[in-house]
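The following paragraphs lead the reader through one protein model, moving from single residues to sheets and helices. Please keep the sequence and the structure in view while reading.

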Amino acid sequence: MKVKVGVFFGGVSVEHEVSVISALQAINAIDRDQYEPIPIYIAKNKNWYTGEALLEIENYKNIDSLLKQCERIIITTNDQGRPVIHRHTTGMFGKKLISEIDVAFPVIHGTYGEDGILQGYFELHGLPYVGCDVFSSAVGMDKVMMKQILRDSGLPILDYHWFYSSNWLNDQDALIEKIESELNYPVIVKPANLGSSVGISKATNREELEEAVELATEFAKKIVVEKMVTNLKEVNCSVLGDYEEAESSVCEEVLSSTDILTYQDKYQSGGSSKGGGSSKGMESTNRKIPAEMSDEKTAEVQKLAKDTFQTLGCAGVSRIDFLIDKNTEQVFVNEINTIPGSLSFYLWEPTGKSFKELTSDMIQVALKRERERESLTFSVDTNLFAMHSGGAKGGSKSKLGSNS
Ligand SMILES: Nc1ncnc2c1ncn2[C@@H]1O[C@H](COP(=O)(O)OP(=O)(O)O)[C@@H](O)[C@H]1O
Ligand SMILES: [Mg+2]
């Protein structure tokens, strides 16, 4: 029997369209001898759908017509507690079940897909899933939490300062003084939990700092101000595996048209990867693969990528982005993308791993985590109410002990 893989995509984040492309690429790549991919599309209005029509990219030009060809669904559990896909509405005698589902494969970037929320939904349904768990997904989305953990583990990050937008409102002068004395200009100001460069700007003086913070507070209540690397080389490296075993991909160098790599740079510049053809990732940033770096620097970045991945407790495939100061050659971990665009397949192909093998490995990591989870004890199959039928006082000690 083939493993039924529900590929979840779309979602309500700004990266909805990017997710559709990444997911269709992944569905095409999945090994049909072992797995049966089932597309599960989360429309922008939050309704969930399945159907063959979802597999054709052209159909997304007219969403209303696409959805009419699909079945609206819910994920639920059957009487045995197994996760299943049901029709959202059925007539009196209609069949509810569309399919059982063995493993979920989320390919949703950003909010509600990459931040642990969807992963929590899978957990509640006892549905094994590909990629990072709730905790590592959530930490990966929060630049402050991520930096705190990485710094505590001795991984190199840029000096930064963070605060809530309410701190800024109440104590702006003190914050400015702190930033100016600890970081110096220029600095980069970012909302803590967005992606795609939204709300990010640089500040070279106090006036610009105030503007940059005002902008960032429109998008998040947690704000990060960090030292800006002025002579910058941006390098990304993907990692595949889990807390026990992980490997790094080749590195890519991303080339920006401005100081800050913008959403347009990332998705609309129409650049192509070296090698072209099937190696072209979704993010059409102008890129060099492999990045132009000495073998030594490459090894350093690959090691830092793997350490970052394992420190944060990641699983499946992630992409870790680095900022390299060309003046000092220092490497800094910038951020992690726990569901990277195109699942970073174009960084694995040059290592000899096809997209098909990559998706198989990712599913296998998910099933391994499930096996490990099954061997842990979460609850005790004892009904305390039934055991203590004599009343609340006294009675024999349950397996849970007397002071649980
Ligand atoms: N400290 C920094 N110094 C120089 N450039 C930076 C710095 N931080 C971010 N940038 C630029 O801004 C871009 C977006 O920042 P990033 O932290 O990656 O946010 P996002 O999560 O939106 O991708 C980076 O790709 C880089 O071009
Ligand atoms: Mg980035």
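Is Cys-251 buried or exposed? In this predicted model, Cys-251 has a relative accessibility of 2%, and it therefore counts as buried. A natural next step is to consider its sulfur atom. A disulfide is a covalent bond between the sulfur atoms of two cysteines. For Cys-251, the closest cysteine sulfur belongs to Cys-237 and lies 4.1 Å away, which is too far for a bond. Cys-314 likewise takes part in no disulfide, the nearest cysteine sulfur being that of Cys-132 at 3.7 Å. With a relative accessibility of 1%, Cys-314 also counts as buried. The structure as a whole holds 0 disulfides.

Cys-237 appears again in the surroundings of another residue, Ser-249. Ser-249 is located in strand β13 and is buried, its relative accessible area being 1%. When neighbours within four places in sequence are left aside, Ser-249 is in contact with Cys-237, Ser-238, Gln-302, Leu-347, Trp-348 and Thr-351.

Strand β13 leads to the sheet of which it is a part. Strands of a sheet pair through backbone hydrogen bonds, either parallel or antiparallel. Here an open sheet of 5 strands is arranged in the order β14-β13-β12-β15-β16, and its pairing is antiparallel. The edges are formed by β14 (286-288) and β16 (330-337); each has a single partner strand, so one side of each is left without a neighbour in the sheet. From one strand to the next, the twist averages 35 degrees. The partner of β14 is strand β13, which spans residues 246-255, and 3 bridges join the two in the antiparallel sense. One of the residues involved is Val-254, whose bridge partner in β14 is Arg-287.

A helix accompanies this sheet. Helix α11, made of residues 355-374, lies across β12 (232-241) and β15 (316-325), and it runs at about 60 degrees to β12. Helix α11 also meets helix α1 (residues 16-29): their axes come within 8 Å and cross at roughly 95 degrees. The two helices are therefore roughly perpendicular. On the side of α1 the contact is made by Gln-25, Ala-26 and Ala-29, and on the side of α11 by Phe-355, Lys-356 and Thr-359. By character, the residues of this contact comprise 3 nonpolar, 2 polar and 1 charged.

A further pair of helices may be described in the same terms. Two packed helices are described by the angle between their axes and the distance between the axes. For helix α4 (residues 134-141) and helix α5 (residues 143-152), the angle is about 105 degrees and the axes are 5 Å apart. Helix α4 is therefore roughly perpendicular to α5. Phe-135, Val-139 and Met-141 of α4 make the contact with Lys-143, Met-145, Met-146 and Ile-149 of α5. Of the residues in this contact, 6 are nonpolar, none is polar and 1 is charged.

The account ends with a pair of parallel strands. Strand β1 (residues 3-10) is joined to β2 by 8 bridges. Within this pairing, Gly-6 stands opposite Ile-38 of β2. Strand β2 covers residues 35-42, and 7 of its 8 residues are buried, so this strand is largely enclosed by the rest of the structure.

Conventions:
Residues numbered from 1 in each chain as written. Chains lettered and ligands numbered in written order. Predicted model: local features only at pLDDT ≥ 70, side-chain atom pairs only at ≥ 80, totals over all residues. Heavy atoms only, no water. Axes fitted to C-alpha atoms, helices over the stretch in contact; angles between N-to-C directions. Helix = DSSP H or I, 4+ residues; strand = E, 2+ residues; numbered from the N terminus. Parallel < 35°, antiparallel > 145°, perpendicular 65-115°, else oblique. Contact = heavy atoms within 4.5 Å. Nonpolar A, V, L, I, M, F, W, Y, C, P; charged D, E, K, R; others polar. Disulfide = S-S within 2.5 Å. Buried < 20%, exposed > 50% of the residue type's maximum accessible area, 1.4 Å probe, protein only. Pairing = 2+ DSSP bridges.
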